Amino acid sequence: MPKKLVWVFSKRYIAGETMEEGLLASKLLNEKGIEVTVDILGEFITTLAEAEKNRDEYLEVIERFTADNVKGNFSIKPTMFGLLIDKEVCYTHLREVVKFAAEKDSFIRIDMEDSQCVDMEIDIFRRLRTEFPKHVGLVLQAYLRRTESDIIALNDINNKNYPISFRLCKGIYVEPEHLAFKGYDEVREHYLTDLKYMFENKMYAGIATHDKYLVEEALKLIEEMNIPKNMYEFQMLYGVTPELRQSIVDGGHKMRVYVPFGQQWFNYSTRRLKENPKMAQHIIKALFIRG
Ligand code: FDA
């Protein structure tokens, strides 16, 4: 697919290429009562020099966004910091970023990547959470067969004063059947089991989905279990299902939008297109049929 065409599609899902564009998009969301989690695009690295560059870019972005009082936090993919090249180097870079975020009273969310990264990302999270309990959280993927037991195991570092903070999503990578549930309903069912466990065990839950059914079921759980507002939030991707997003905000629930920006928008967009290829058809149609 030509790059220019992918950009036509991407504009809706990506705040832009520069930090200034990311800032502007975040501030506009803040004005609508929505918080953000900022993601710098660019995840396929092959050298530790690139990992260092990415770390520095995050430090710069945290400095700038916190100085501008943007209401939000930051999401990081550990492979961008060299996870698959040298785990300890990755840990050191992440620690530096989390420490800096903690100094700014901000927060880092460790995104969960494909299954080869899960053990390492949980391990890095455990170490950072011990040192910075209020300033780091992890993503968990409901489609993985292991996730239920991962949440139960992580309960040992949960703490009433500093609840452990998870973002729960369905999971975006293509995984083999022996590792991941494949049925649509099966993933939904596990999503709700995981969420319920988090609520029961007083964990902070970032409910990251655009699935109306899951949103409705989550709202039911929140009501039935009398979950206080400071123990959950909803999360959505930039540009996706804005009407559903607004209805959640109107209902008085906290909403956070994942705001990606950076030069690597092409890879990000191609992944989103693969996830939802129908979108491309609509966009191509709209190029020809106006009005
Ligand atoms: P589902 O894919 O079933 O979509 C439900 C409905 O939402 C669709 O029917 C459609 O109407 C709409 N929709 C969904 N995607 C759309 C799109 N691209 N364009 C237009 N409409 C769309 N994954 C991961 O593996 N690691 C991670 O760290 C994260 N992080 C993350 C953060 C946040 C804030 C969100 C919302 C999601 C993630 N994800 C993720 C991605 C997640 O795992 C999942 O792939 C997507 O959110 C899609 O799943 P849904 O729950 O939205 O359901």
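Reader: What makes the approach of Gln141 to the ligand a polar contact?
Author: A polar side-chain atom of Gln141 sits 2.9 Å from a ligand oxygen atom, and a polar contact is a pair of N or O atoms within 3.5 Å. The pair therefore qualifies. One word on the source: this is a predicted model, where local features need pLDDT of at least 70, side-chain atom pairs count only at pLDDT 80 or more, and totals for chains, interfaces and linings use all residues. Residues are numbered from 1 along each chain as its sequence is written, and side-chain values use heavy atoms, leaving out hydrogens and water.

Reader: Which distances do Lys170 and Thr209 show to the ligand?
Author: For Lys170, a polar side-chain atom is 2.7 Å from a ligand oxygen; for Thr209, a side-chain N or O atom is 2.6 Å from one.

Reader: How do you know which residues surround the ligand?
Author: A residue counts if one of its heavy atoms lies within 4 Å of the ligand. That shell holds 25 residues, and Lys170, Gly171, Tyr184, Thr209 and His210 are the closest. Strand 7 gives the most, with three residues.

Reader: Why are helix 1 and helix 10 called roughly perpendicular?
Author: Helix 1 (residues 3-10) and helix 10 (residues 265-275) pack at about 70°, with axes 10 Å apart. Angles of 65 to 115 degrees count as roughly perpendicular, so these two helices earn the name.

Reader: What makes up their contact, on the helix 1 side?
Author: Contact means heavy atoms within 4.5 Å, and helix 1 contributes Lys3, Val6, Trp7, Phe9 and Ser10. Helix 10 brings Trp265, Phe266, Ser269, Arg272 and Leu273.

Notes. Axes fitted to C-alpha atoms, helices over the stretch in contact; angles between N-to-C directions. Helix = DSSP H or I, 4+ residues; strand = E, 2+ residues; numbered from the N terminus. Parallel < 35°, antiparallel > 145°, perpendicular 65-115°, else oblique. Polar contact = N/O pair within 3.5 Å; in protein donor to acceptor, adjacent residues only side chain to side chain.
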